Amino acid sequence: MDGELKAFISDGCRDKEFVRKTNKTGNNLKRYSALRHRLSSRALSSPPLCPENYNTPHYSIRKCAPLRPQSASAICRLHKHTVVKTNRVKSIHKLSYLMDNEGPADYSLKVVNLVRDPRAVLNARVLHNSHENWTIKSVREHAQSLCRDMLRNIKYAVSAPAWLQGRYTLLRYEDLATNPHQIAEQLYQFVGVSIAQNVRLWIDRTLHQGFASPSLVNSIYRQVSYSAQNLTDSVQRWRTQVPYSIVRLIETECYEVMNLLGYKIVEDEDELRMVSFPLTD
């Protein structure tokens, strides 16, 4: 066989092996991504779904039973309260299914609508997203989509549909980050649960010492630390990062919802960069 042909075939085999290994790695990353969310729930990563509690020395999430809708539902029904976090809900009115006569009748649903300054959201979602090569056009489109959804949900809630009355509260991220104790008390009162002392202690400890994710999660994901300092910083950080021209663009597209939520429009770049000047009412 010709030497060049041999080399070509050999390289082709190596390429196939590389693809096989790469695909396997990709599948592992997807599996680890799913583990991250499962490990955030003690109920879904402990008995009876798993043979032992996750804080035991020889714990392995791989020993846990596969998570399927039926098993997850059964586990949730063992607990008095279930919390579901979801991002970017375009239409809150679709949740009304849970309260309809045709839907599950045993839900006592409460909705906490967490909002954030659109300028900060777009800074994280678009401008500082390594996978997004942003342009003026893409920022404008993202701003229009984000603020249209925010405005739609808020106006719907304000219209006070019967199913949502007494079941909805609006929460600004900025208020939560700067006053976590008070907001936690309000949230627990809203859902009708007494706030436990260990929750208060956890907030105190987190604010003063920071919070590091458990070592089990660290083995899959980088360690993340939260503290009072970077909670406060997270509210203002975008103001030192976003170009003033982009801030003005976002404010133009999002003026109505920003005004409704009490987010102030900056007068000039000096005011934008002066982080000691609050941009919330």
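These legends walk through a few close-up views of a predicted model.

**View 1. Helix 3 packs against helix 4.**
Start with helix 3, residues 118-127, and helix 4, residues 136-158. Their axes sit 11 Å apart and meet at an angle of about 130°. That makes helix 3 oblique to helix 4, and the crossing is right-handed. On the helix 3 side, look for Pro118, Val121, Leu122, Arg125, Val126 and Leu127. Across from them, helix 4 offers Val139, His142, Ala143, Leu146, Cys147 and Met150. Sorted by class, this contact has 10 nonpolar residues, one polar and one charged.

**View 2. Helix 4 runs alongside helix 10.**
Here helix 4 has another partner, helix 10, which spans residues 244-261. The angle is about 0° and the axes are 9 Å apart. An angle under 35 degrees counts as roughly parallel, so that is what helix 4 is to helix 10. Helix 4 brings Ile136, Val139, Arg140, Ala143, Gln144, Cys147, Met150, Leu151, Ile154 and Lys155 to the contact. Helix 10 answers with Ile246, Leu249, Ile250, Glu253, Cys254, Glu256, Val257, Leu260 and Leu261. The class count for this pair is 14 nonpolar, one polar and four charged residues.

**View 3. Helix 3 also crosses helix 10.**
Now look at helix 3 together with helix 10. Their axes come within 10 Å and cross at roughly 130°, so the two helices are oblique to each other. Helix 3 passes helix 10 in a right-handed crossing. From helix 3, the residues in contact are Pro118, Arg119, Leu122 and Leu127. From helix 10, they are Ile246, Val247, Ile250, Glu251, Cys254 and Met258. Eight of these residues are nonpolar, none is polar and two are charged. A few residues turn up in other views too: Leu122 of helix 3 also meets helix 4, and Ile250 of helix 10 also meets helix 4.

**View 4. The second largest pocket has a mixed lining.**
This pocket holds about 170 Å³ of space. Its lining is made of 13 residues, and those nearest the centre are Glu174, Val235, Gln236, Leu279 and Thr280. Helix 5 (173-178) and helix 9 (228-236) each put at least two residues into the lining. Split by class, the lining has five nonpolar, four polar and four charged residues.

**View 5. A cis peptide bond joins two prolines, Pro47 and Pro48.**
Zoom in on the bond between Pro47 and Pro48, where omega is about 10°. To get your bearings, find helix 1 (3-39) and helix 2 (69-76): Pro48 lies in the loop between them.

**View 6. Arg88 has a positive phi.**
The last stop is a single residue in the loop between helix 2 and strand 1 (111-115). That residue is Arg88, whose phi is about 55°, although Arg88 is not a glycine.

Key: Residues are numbered from 1 along each chain as its sequence is written. This is a predicted model: local features need pLDDT of at least 70, side-chain atom pairs count only at pLDDT 80 or more; totals for chains, interfaces and linings use all residues. Side-chain values use heavy atoms; hydrogens and water are left out. Axes are lines fitted to C-alpha atoms, for helices over the stretch in contact, and angles run from 0 to 180 degrees between N-to-C directions. Helices (H or I, at least four residues) and strands (E, at least two) are DSSP runs, numbered from the N terminus. Angles under 35 degrees count as roughly parallel, over 145 as roughly antiparallel, 65 to 115 as roughly perpendicular and the rest as oblique. A crossing is left-handed if the near helix is turned anticlockwise from the far one by less than a right angle, and right-handed if clockwise. Contact means heavy atoms within 4.5 Å. Ala, Val, Leu, Ile, Met, Phe, Trp, Tyr, Cys and Pro count as nonpolar, Asp, Glu, Lys and Arg as charged, and the others, Gly among them, as polar. On a 1 Å grid over the protein atoms alone, a cavity is a set of points where a 1.4 Å probe fits but cannot get out, and a pocket is an open set with protein on both sides within 12 Å along at least five of seven lines; lining residues have an atom within 4 Å of a point. Grid points are joined across faces, edges and corners, and a volume is the space filled by probe spheres set on the points.
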